[in-house]
Amino acid sequence: MTAFKSDFLRILSERGFIQQTSNDEALDDLFRTQTVTAYIGYDPTASSLHVGHLTQTMMLHWMQQTGHRPIALMGGGTGMIGDPSFKDEARKLMTTETIGENLVGLRRTFSQFLRFGDGESDAVMANNADWLLDINYVEFLRDVGRHFSVNRMLSFDSVKLRLDREQSLSFLEFNYMILQAYDFVELYKRYGCRLQMGGSDQWGNIVSGIDLGRRMEGAELFALVSPLLTTSSGAKMGKSASGAVWLNPDMLAPYEFWQFWRNTEDADVGRFLKLYTTLPMDEIARLATLGGAEINDAKKVLANEVTKLIHGAAAAELAAETARKTFEEGALADSLPTHEVPASELEAGIGILSLFVSAGLAASNGEVRRHMKGGAVRLNDETVEDEKRVVGSGDLLSGGVVKLSVGRKKHVLVRPV
């Protein structure tokens, strides 16, 4: 591993963000001697980022913290096509209205990580629709397309995998890597951007941008990619049993976000503290050595720090207090996730299987039954084994809610409205 001298690359290296760069020494020199502008691209497929985006977004955060200028590039143009990288099939095409709505939500997410403005190291949120939607196709083929070898493009893993599986790869998607390469050139011309960062699955696309920048502008551009992360058990980061772990609070409550991190596998705690918090490395080293029951203290620190970064200190403190009351005191915490049902339905009675499914505690009636067999289903903290049990207004607690639980860590309050 290269011993980097620049603050930015040294921090990224010691925290585990770097898998590969296009030129370690030259890039390190650049960060030591200049204020560097770098970008990461995001397709606006939803109105929030999720935990799977955190690795790259923390890289932008550290750029700004070390005095450099990050660009969060929104794929308002490329998002209308969809990135085919390692996908089994084409993405569903989005309308311009949907993309516009998603961009508003994404701006809110990024404001938690980055400071936007007009200063030398203030972040920029760019949108490639600004230059891609007005392209003259014939001129683009002549000026940009002539620099690309189809033979080379077919060798990229992202394309090769689709072809090897005999899965369709449309011409629309095949253009994606050309447009992404062109984005790099445009950002170099508009902002002096010298570096593109991303996950390791983007290496081929980024290198294409470096090559295009050299051919079209005589520019020396750089690539930096991070490992594609999974948990120790092999699960993909950003996914939970109930779906994506979103960063915006209107898509996932801060308590549920906190609980996701509290449930981190023991083997991942040290690695996640490095990647997803800004704690000093010596403190992370101390926490990573904790074993036995003490590892839970490290998990709480991880949950508190990440939630504080995303949702603010007040939300993190409330989530931690909710967890303490729920798990350590057995009390009913008002800030637990809630599921509203019509009062008339509760009065008539709701089957326990369908109620657990609608509350998001299970994906199907069968899953609820499996939890029941394991003794994990509880109603108002009492174990339920009868799958025909009906939940009604007589089950309301003094706070006017019904508490549903699966295991010790998943709880929802059902509130009649």
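How many Å² does the protein expose, and what share of that do carbon and sulfur atoms supply? Show the whole surface to begin: about 19200 Å² is exposed, and carbon and sulfur atoms supply 48% of it. Accessible areas here come from the Shrake-Rupley method with a 1.4 Å probe, and for residues only the protein chains shown count as cover.

Two notes before you click on. This is a predicted model, in which local features need pLDDT of at least 70, side-chain atom pairs count only at pLDDT 80 or more, and totals for chains, interfaces and linings use all residues. Residues are numbered from 1 along each chain as its sequence is written, and side-chain values use heavy atoms, with hydrogens and water left out.

**Stop 1: the overall view.** Switch to cartoon and you will find 19 helices and 15 strands; these are DSSP runs numbered from the N terminus, with helices being H or I of at least four residues and strands E of at least two. Of the 417 residues, 49% are buried, where buried means under 20% relative accessible area, exposed over 50%, and partly exposed in between (1.4 Å probe, protein chains only). Among contacts (heavy atoms within 4.5 Å) between residues at least 6 apart in sequence, 72% join residues at least 24 apart.

**Stop 2: helix 4.** Select residues 96-110 and put a distance label on the end C-alpha atoms: they are 21 Å apart, which agrees with the 21 Å that 15 residues should span at 1.5 Å a residue. The expected span is 1.5 Å times one less than the number of residues. Now show side chains for the buried residues of this helix: Ile99, Asn102, Leu103, Gly105, Leu106, Thr109 and Phe110. An α-helix has 3.6 residues a turn, so residues three or four places apart point the same way. To see what covers the buried set, add strand 2 (37-42), helix 3 (54-65), strand 3 (69-74) and strand 4 (124-127), which are among the covering elements.

**Stop 3: two buried residues.** Pick Val185 in helix 10 (residues 176-191). Val185 is buried, with a relative accessible area of 1%, and touches Gly209, Leu212, Gly213 and Glu217, not counting residues up to four places away in sequence. The C-alpha atoms of Val185 and Gly213 are separated by 5.3 Å, although these residues are 28 apart along the chain.

Next, select Gln196 in strand 5 (residues 195-199). Is Gln196 buried or exposed? Gln196 is buried, at a relative accessible area of 3%. Leaving aside neighbours within four places in sequence, its contacts include Tyr39, Gln180, Phe184 and Phe222.

**Stop 4: the five-strand sheet.** Colour the strands in the order 9-15-14-11-12 to see an open sheet with mixed pairing. Strand 9 (338-341) and strand 12 (382-383) are at the edges with a single partner strand each, so one side of each has no neighbour in the sheet. Strands count as paired if DSSP finds at least two bridges between them. Strand 14 (residues 402-406) and strand 15 (residues 410-416) run antiparallel, joined by five bridges; zoom in to find Val406 opposite Lys410 and Ser405 opposite His411. On to strand 9, which pairs with strand 15 in the parallel sense over four bridges, with Pro416 as the bridge partner of Val341.

**Stop 5: back to the outside.** Finish at Phe171 in helix 9 (residues 171-174), an exposed residue with a relative accessible area of 56%.
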